Structure formats: structure tokens, C-alpha cells
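Here is a brief report on one protein and its ligand. Please look over the sequence and the model first.

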Amino acid sequence: MSTVRGEFSSRFGFIMAAAGSAVGLGNIWGFPTQTASNGGAAFVLVYLVLAFCLAYPALMAELVIGRHGQANAVSSLQKLSGNAFNKRFAFAVGFGGIICAGLILSFYAIVAGWMFSATLEPIAKLTRLSDTAQWLSSQSLARDLIFTALFVILTISIISKGVENGIEKWSKRLMPALLGILFLLIAYVLMQDGASEGLKAYLVPDFSSILNPELLVSALGQAFFSLSLGTSVMIIYGSYISRQENLVSLGAYVTLIDVFIAFVAGLLIIPAMYVAQAQGVEIFSANGQLLSEDTLVFQVLPALFESMGEVGLYVGFAFFALMSIAALTSSISMLEAPVSYAVERFALSRLQATWVIGGLISLVSFTIIFNFSSLFGFVVSLTTQFGQPLIGMFCCIFVGWIWHRNGLLTEIRNGYPDAEHSVFWRIWPWYIKFICPLAIALVFIHTL
Ligand code: PFF
């Protein structure tokens, strides 16, 4: 059994890892698609408000639970719980989060596998391997199984190396690469015809749709998914932060980076849709509605890349490499949640725990692949519409109602000695007790 717990070696390392978890397919695919199908800039505005006013406080609750507990999600929550009933409740919430992370990984790995094969397809075309290129875009069962397995193995190989040499090292390499590719692509797309119309749709809000409850529900769900909340992931990442660090500012950096990348991804995808439309690819119906959300990444954008000739192969490669990197830094955090629990609870070595849990998750992924039409959507809604908001809400309840207020404030003061003078100090404990659980519950009830 490993006795020495891992820890992020630097502020930068933690920020890259936690932002790596947050920034993923949800930012680059989910956010722009939701924006395009929910009234453009109005959605962006609502999203920004909810991300800072609800998701950031909830993220702080998870980080502070983990840093205080210095253990996996179940043990960290149990340390806050005085009596037997609360301990059982803590187990249910922590373990529920871990299962949620594992289930999200099981569908995320399938989508990430598609991204991998789409990254290789332009290379196959450039090297004139046309049969391989055709197979890579074939949507065959074999392709899905192979690339999902490859993606899970890559995730396992990073996680098995531990916190500093695995998660931190790779997040520090991959996140800057992601930013570089994203900006190059934006520069390219903004130079094409039609891009300015896309920018207008993205940045000029139609205020009439702003209070639409559907829009609120989608925006909150997106914010929770994007900050990896309600999955025990931020609890476990919080547990690897040293007591010398100021959690309040670390959490704020992670939220800012996550929101920034989602916003910037919109600057790529929405203008790209309009560029594609200008080139004859059908994206919007006559009344301006997005024709299909699901096919955006796999039909609309590839059609755009194809219309660019040989340059399109390079642009396509860069785009799908970007998606694959974003997916990988998120998937490693999803695997860390169950692995850290298994290592600390069952005295397994990290290597054993990673392979056993990675293997189990692959089995779930394969089951989804074989029953795609009935299981994929089901697992996505189960985890993102039910699991994440509920568990996120329970974490707020733990911090607001079960933890002793003095203990909570002492933990915040670690690494932030003059916290008492901050706005955060005055508002957040009250906010996490009443506003966050209530707001999440309201949105959840609406979803039901
Ligand atoms: N935040 C990731 C994204 O936006 O794609 C997805 C995610 C990562 C969800 C980790 C849940 C999680 F535990």
C-alpha cells in the first residue's frame, strides 16, 4: 500500500492539471454547440453569470473538502462527518461521485476514440493510405473498439505514473500545446469569408431569450460538466494541494481558464460554421436554427476541411489533435477519482489499481459501443443531468451544513492568512449554505 500521498509540486502544476480536467470536449464541442442552438450570445452571457456565481462557489466547496481531508473523496467527506448517519451519507456522496466519474469516462473514451481516429485520417490521406483513411472514417465497430481501448490505455499509462510524474507532468505539456493549436486555428478561420457574420452571431446577444428556463438549465448543466463538478474529481485534486497555497485564488484561476477556453473555442467553432455555410455546406435552416448538433464535429467541420483542398488536411489534423489533447487531460482526472480511492481503501498498488479500474471502465465502454443506440444517451443523461448536479449539491450541503463553520474557515485561511478581509470570506460561507444548494435544486427539479 502506498503510504506517501502524491502532491502537486507547484501552483502552476495544479492549475494546469485542474484546468486540464475542466477544459475538454465540453468546452470545445459542447459549449459552442449549445451556444449555436440556444440563441448565440444570450447563452454566452447566461453561461458566464452561472459559471462565476454558481459553479465557482461549488468548485471551491469540492476543493476545500479535498484539501482538508488530504485523502480520496470518500475519506475526505467522512472526515467532516461527526455521526454515523453523516458518515454513511458521506460514503454515498463520495462513492456516487467516483462512480459518476467512471461512467463519464466510459462514454467520454468512446468520443475521444473518434477524435483519435479523426486525427489519424488526414495523415493516412497525406501518405496516400486511402484504404486506411476510409476505415478510419468508417464508423465501424472494430474502429470504435480499437480507438476507445487505445485512449483508455493512454489514460492508464499517465495515471499509473502518479500525481507529479503523471498528471502534473503531462498536463503541463498538453495544456500549452492545446492553447497554441487553438489560437492558430482561430487565426486561420477568422481570415476566411463568412467568419465575420459568425462573430456577430456569437457576440451580439438577443436579450429576448435570456430568461428562458431551458436556456438556464442548459447553461448550468454545461457549467457543471465543464468544471468537472459532482464527480469527486475536484475533491481528489484538492487533496493534492499543499496547505501553503491560497485555494480561493487557485479555484478562481481554474474557473477563469475554463471559461476563457470555452469562450475562445466559440471564436473558432461559430465562425467556422458560417465559413462552412458560405462554402455551401448546409449548417443552418432557413430560420437560422442549427440543423444538427450531433453532426457538427463529424460532418460539418470535416466538410469544411474538405472544401479547403490539401490545406484542409493539415487544418483537420490540427483540429482533431486539439480535441484529442483536450479529452486526454480531462480523462486522466476522471480515472484518478476511482484509482485514488482504490489505492487508499484496498491497499492496491497504484499500478494494479489503475489497470483494474481502467479495465472495468473499458468493459463498460465496450458494452455501450455494442448497444450504442440504447445506452449512450442513457449514460450521458444519467451522469450529466442527474449525477453531477445532485452530487455537486450534496457537496455544498456538506460544507454549508455538516462541517463546523470554524473548521471550514480555518481551512480557507491556510495559505491565505488575511482571508478575513476578502469579499469571498464575507459572502461564500453563506452563499454555499443557502444559495448554491437551492439554485442547483431548482434547476434539477426543472430537469425532472
Ligand atoms: N470538464 C470536462 C469537459 O469539459 O470536457 C469533462 C469532465 C471531466 C467531466 C472530468 C467530468 C469530470 F469528472
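## Ligand shell

The shell around the ligand holds seven nonpolar residues, nine polar residues and no charged ones. This is a predicted model. In it, 16 residues surround the ligand. Closest are Gly 24, Gly 26, Ser 228, Thr 231 and Val 233.

Several helices give two or more residues each to this shell. They are helix 1 (11-22), helix 2 (25-37), helix 5 (84-126), helix 10 (213-226) and helix 14 (310-346).

## Helix 1 against helix 8

Helix 1 also packs against helix 8, which spans residues 163-190. The angle is about 75°, and the axes lie 8 Å apart. Angles of 65 to 115 degrees count as roughly perpendicular. The two helices, helix 1 and helix 8, are therefore roughly perpendicular to each other.

On the helix 1 side, the contact uses Gly 13, Met 16, Ala 17, Ala 19 and Gly 20. Helix 8 brings Ile 167, Glu 168, Ser 171, Lys 172, Leu 174 and Met 175. By type, the residues of this contact are six nonpolar, three polar and two charged.

## Overall fold

The protein has 18 helices and zero strands. Its C-alpha atoms fill a box of roughly 65 × 50 × 40 Å along the principal axes. The radius of gyration is 21 Å; a compact globule of 448 residues would have one near 22 Å, so the two agree.

Of the 448 residues, 51% count as buried. Among contacts with a separation of 6 or more, 84% link residues 24 or more positions apart.

Technical notes:
Residues numbered from 1 in each chain as written. Predicted model: local features only at pLDDT ≥ 70, side-chain atom pairs only at ≥ 80, totals over all residues. Near = placed C-beta within 6 Å. Helix = DSSP H or I, 4+ residues; strand = E, 2+ residues; numbered from the N terminus. Nonpolar A, V, L, I, M, F, W, Y, C, P; charged D, E, K, R; others polar. Axes fitted to C-alpha atoms, helices over the stretch in contact; angles between N-to-C directions. Parallel < 35°, antiparallel > 145°, perpendicular 65-115°, else oblique. Contact = placed C-beta atoms within 7 Å. Rg over C-alpha atoms; globule rule 2.2 N^0.38 Å. Buried ≥ 20, exposed ≤ 12 C-beta atoms within 10 Å, placed from the backbone.
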